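Visitor: I would like to take a close look at a single part of this structure, and then follow the contacts that lead away from that part.

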Amino acid sequence: MNLLQRIDRWGETHHPRWLDVIRVLLGVFLFYKGVVFIQNIDVLKSVINENPVLTVMSFWLAHYIVFAHLAGGVLIIFGLLTRVAILANIPILIGAIFFVHTSTGLFNVHGEAGLSILVLLLLLFFLVEGSGPISFDEYMRRHPA
């Protein structure tokens, strides 16, 4: 059994049900941020354009951020492919920590980098912990096709 399988097995056996509520709230928050980014896509592109290395990719990067938050949020809410959704969102949150205090205020909705750090830590936690007993992942494990 390799390391990832052992982590997955540990996450399955040590997951209290109340953590599923935290997972759902994390998914709702990511989905909400995706909607905010859609409403402010031009501001998001301008924030990306502030970094000269990312200017060429601003269109694609902005749409990746929106898609990862929307689709990832829904997947995390339902507990379906949770780890894949989390892996898609971790790089975004790492970037958000560096852009939190921009002059545009796009990432300043809640005022502090602490929220981005908290979300990143929750993503890392659920990457290890898994989706939990109340999830589509668990249902699919118990009822193979």
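Visitor: How many residues does helix α4 have, and how far does the helix reach from its first C-alpha to its last?

Guide: Bearing in mind that this is a predicted model, we can begin with helix α4 itself, which runs over residues 58-78 and has 21 residues. From its first C-alpha to its last, α4 reaches 30 Å, which is close to the 30 Å expected at 1.5 Å a residue. Among the buried residues of α4 are S58, A62, I65 and V66, and the list continues along the helix with A68, H69, L70, G72, G73 and I76. After the helix comes G79, whose phi is positive, near 70 degrees.

The end of α4 also takes part in a contact with another helix. Two aromatic pairs are found when the whole structure is searched, and one of them is formed by F78 and F136, whose rings are tilted, with 5.8 Å from centre to centre and 55 degrees between the planes. This pair links distant parts of the chain, since F78 lies in helix α4 while F136 lies in helix α7 (residues 136-142), 58 residues apart. F78 counts as partly exposed because its relative accessibility is 44%, which falls between the limits of 20% and 50%, and F136, at 42%, likewise counts as partly exposed. The other pair, F125 and F126, is edge-to-face, with 5.2 Å between the centres and 80 degrees between the planes. Here F125 is partly exposed at 34% relative accessibility, whereas F126 is buried at 0%.

Following F136 brings us to helix α7, where charged side chains meet. The side chains of R141 and E138 form a salt bridge with an N to O distance of 3.2 Å, and these two residues, three apart in α7, are separated by about one helical turn. E138 also forms a salt bridge with R142, where the closest N and O atoms are 2.7 Å apart, and this time the residues are four apart in α7, again about one helical turn. Through shared partners, these salt bridges join E138, R141 and R142 into one network. Such spacing is worth remembering, because an α-helix has 3.6 residues a turn, so residues three or four places apart point the same way. Within the network, E138 is buried at 12% relative accessibility, R141 is partly exposed at 39%, and R142 is exposed at 59%.

Definitions and conventions
Residues numbered from 1 in each chain as written. Heavy atoms only, no water. Expected span 1.5 Å × (residues − 1). Buried < 20%, exposed > 50% of the residue type's maximum accessible area, 1.4 Å probe, protein only. Phe/Tyr/Trp six-rings, centres within 6.5 Å; stacked < 30°, edge-to-face > 60°. Salt bridge = Lys/Arg side-chain N within 4 Å of Asp/Glu carboxyl O.
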